[in-house]
Amino acid sequence: AVLAGLCALTRNQGILVAFCVAITPFFDQPHRYKKAISQFTKSGLISFSIFSLFPIYQYLKTGDFLTSLGVQQNWSHATSPLEYFRTFWFGNPQQSVKLSALWHHAYYFFLAYLTWGIRKDNKTLAIYCALSLAIMPMQGELINAFRFGLVLFPLHFAFGNMLNAMRLPIRLAICLGFI
């Protein structure tokens, strides 16, 4: 919970890390709901208290608890649920349809596929990856899929396991294509 709180201080996805750490007892101890709720609450309070240092710092420096959100007001955002979903088929006017944009989409859907694949082995990681993927289209495009997909490193381990099961020539071809 302490490390998850520190994650929340360093990156927006860290808040998702803190949430996933807090829900882990529900998967580790099914049928022990009282204990899981207690651990969820304790973990959430620890992570939140660490994360709350950031809004307090912002208030002390600027007089506004949400200064960091104010600087994001001119960033590209989907303004409606329809715009969010149009992201997936290049339906938003700001979206590029160049080859690089196609690669961003392909990588995004590849990460979604890997997320689906790890759900049986580790529900907590799968939820973290799914939530991270759900945030990406909120920009109205997937231009940052590579950048934001990098924090989903557990999926890259799953990809490595997939590659390891393939024949060497196929592995080499995929690795060269990936590079």
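Here is a chat about a helix pair and the empty spaces in this predicted model.

Student: Let's start with the helices. At what angle do α1 and α2 pack?

Tutor: Helix α1 (residues 2-10) and helix α2 (residues 13-28) pack at about 160°, and their axes are 6 Å apart. Angles over 145 degrees count as roughly antiparallel, so that is what α1 is relative to α2.

Student: Which residues meet there?

Tutor: From α1 you have Ala 4, Cys 7 and Ala 8; they meet Gly 14, Ile 15, Val 17, Ala 18 and Val 21 of α2. Seven residues of this contact are nonpolar, one is polar and none is charged.

Student: And the crossing, left-handed or right-handed?

Tutor: Left-handed, as α1 passes α2.

Student: OK, switching to pockets. How much space lies in the largest pocket?

Tutor: About 760 Å³. It has 26 lining residues, and the closest to the pocket's centre are Arg 11, Asn 12, Leu 69, Gln 72 and Trp 75.

Student: Which elements give two or more residues to that lining?

Tutor: Those are α1, α2, α4 (53-62), α5 (67-70) and α9 (145-149). So our helix pair turns up again, since α1 and α2 are on that list.

Student: How does the pocket lining divide?

Tutor: Into 14 nonpolar residues, 10 polar ones and two charged ones.

Student: What about closed space, how many cavities of 30 Å³ or more?

Tutor: The count is one. The largest cavity has a volume of about 60 Å³.

Student: What lines the largest cavity?

Tutor: Phe 90, Gln 95, Ser 96, Ala 101, His 104, His 105, Glu 141, Leu 142 and Ile 143. That lining divides into four nonpolar, four polar and one charged.

Conventions:
Residues are numbered from 1 along each chain as its sequence is written. This is a predicted model: local features need pLDDT of at least 70, side-chain atom pairs count only at pLDDT 80 or more; totals for chains, interfaces and linings use all residues. Side-chain values use heavy atoms; hydrogens and water are left out. Axes are lines fitted to C-alpha atoms, for helices over the stretch in contact, and angles run from 0 to 180 degrees between N-to-C directions. Helices (H or I, at least four residues) and strands (E, at least two) are DSSP runs, numbered from the N terminus. Angles under 35 degrees count as roughly parallel, over 145 as roughly antiparallel, 65 to 115 as roughly perpendicular and the rest as oblique. A crossing is left-handed if the near helix is turned anticlockwise from the far one by less than a right angle, and right-handed if clockwise. Contact means heavy atoms within 4.5 Å. Ala, Val, Leu, Ile, Met, Phe, Trp, Tyr, Cys and Pro count as nonpolar, Asp, Glu, Lys and Arg as charged, and the others, Gly among them, as polar. On a 1 Å grid over the protein atoms alone, a cavity is a set of points where a 1.4 Å probe fits but cannot get out, and a pocket is an open set with protein on both sides within 12 Å along at least five of seven lines; lining residues have an atom within 4 Å of a point. Grid points are joined across faces, edges and corners, and a volume is the space filled by probe spheres set on the points.
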